[in-house]
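This report describes one protein chain, beginning with its overall architecture and proceeding to selected elements and residues. Please keep the sequence and the structure in view while reading.

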Amino acid sequence: EEEAAYEIAKHLADYVLVWSTKFAGFRGDDLAKMPHMARIAASVFDDINGPGYYLDGGQNPSPLMAESLLYKLHSAGIEDDVPMPTHFEEAYTSKNQMVRIWKVVDPSKESKEFCKHYRRYPPALNEVLAKQKDFQQIHSLF
């Protein structure tokens with residue numbers, strides 16, 4: 001999953017911020033929000049398995065979550081079994097490991113210039129964006 005995520009991220013950002021409260025003994029960080037993000041993404045992209053991203057009762061990641069870029073950026077270098085990413089360099093981790101900033105290795109200069117001039121997603125993401133469908137509300141509140 002890191003490779004697929006990198007192929008998108010390099011056209012959108014120079015850095016990635018990850019909020020991680022798990023190691024300070026709190027809940028509510030980016031991993032806790034990931035199931036919601038995955039469900040929203042699955043409502044727009046058919047190739048995403050929204051229910052497949054979750055933390056179990058012991059706060060262990062599901063297999064899909066464990067393979068995700070977010071999990072890797074959240075836990076790499078802190079959890080022994082999580083390898084360091086290959087396309088992102090650790091730029092900053094706060095003392096309590098609650099804030100992590102990762103530098104995107106070799107971001108696309110062409111995409112950055114395109115976005116600067118045209119204020120929209122770069123053509124390099126057309127294939128990904130072509131797969132999207134209109135947002136679908138999964139659950140109604142009423």
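The sections below treat the chain as a whole, then two helices, then two individual residues.

## Overall architecture

The model is predicted. The protein chain contains six helices and three strands, and its elements follow the order α-β-α-α-α-β-β-α-α from the N terminus. Measured out along the principal axes, the box filled by the C-alpha atoms is roughly 45 × 45 × 25 Å.

Of the 142 residues in the protein chain, 33% count as buried. The chain exposes about 9300 Å², of which carbon and sulfur atoms supply 55%. Among contacts with a separation of 6 or more, 57% are between residues 24 or more positions apart.

## Helix α1

Helix α1 covers residues 2-9, and within this helix Glu 2, Tyr 6 and Ala 9 are buried. These residues lie on the same side of α1, because they cover an arc of only 65 degrees around the axis. As a general point, an α-helix has 3.6 residues a turn, so residues three or four places apart point the same way.

The partners of the buried residues of α1 are both helical and strand elements: they pack against α3, α4, β2 (88-93) and β3 (99-104).

## Helix α2

Helix α2 consists of 15 residues, 30-44. At 1.5 Å a residue the expected span is 21 Å, and the end C-alpha atoms are 20 Å apart, which agrees. The helix nevertheless has a bend of about 25 degrees at His 36. At the start of α2, a side-chain oxygen of Asp 29 comes to within 3.1 Å of the backbone nitrogen of Leu 31.

The buried residues of α2 are Asp 30, Leu 31, Met 34, Pro 35, Ala 38, Ala 42, Ser 43 and Val 44. Their cover includes β1 (15-19), α3 (63-67) and α4 (69-75). Ser 43, located in this helix, has a relative accessibility of 4% and therefore counts as buried, the cut-off being under 20%. The side chain of Ser 43 reaches the backbone oxygen of Ile 40 at 2.6 Å.

## Lys 103 in strand β3

Lys 103 belongs to strand β3. Is this residue buried, exposed or partly exposed? With a relative accessible area of 31%, Lys 103 is partly exposed, because that category lies between the 20% and 50% cut-offs.

Leaving aside residues up to four places away in sequence, Lys 103 touches Asp 14, Tyr 15, His 87, Phe 88, Glu 89 and Ala 91. Lys 103 and Glu 113 are 10 residues apart in sequence, and their C-alpha atoms are 18 Å apart in space.

## Pro 122 in a loop

Pro 122 is placed in the loop between α5 (109-118) and α6 (126-129). Is this loop residue buried or exposed? Pro 122 counts as buried, because its relative accessibility is 1%.

Which residues does Pro 122 touch, when those up to four places away in sequence are not counted? They are His 11, Ser 111, Phe 114 and Cys 115. Of these, Ser 111, Phe 114 and Cys 115 have numbers that fall within α5 (109-118). Asp 81, by contrast, is 41 residues from Pro 122 in sequence and 35 Å from it in space, C-alpha to C-alpha.

Conventions:
Residues are numbered from 1 along each chain as its sequence is written. This is a predicted model: local features need pLDDT of at least 70, side-chain atom pairs count only at pLDDT 80 or more; totals for chains, interfaces and linings use all residues. Side-chain values use heavy atoms; hydrogens and water are left out. Helices (H or I, at least four residues) and strands (E, at least two) are DSSP runs, numbered from the N terminus. Buried means under 20% relative accessible area, exposed over 50%, partly exposed in between (1.4 Å probe, protein chains only). Contact means heavy atoms within 4.5 Å. The expected span of a helix is 1.5 Å times one less than its number of residues. The bend at a residue is the angle between axes fitted to the seven residues ending there and the seven starting there. A polar contact is a pair of N or O atoms within 3.5 Å; within protein, one must be able to donate a hydrogen and the other to accept it, and residues adjacent in sequence count only if both atoms are side-chain atoms. Accessible areas come from the Shrake-Rupley method with a 1.4 Å probe; for residues, only the protein chains shown count as cover. The arc is that of the directions from the helix axis to the C-beta atoms.
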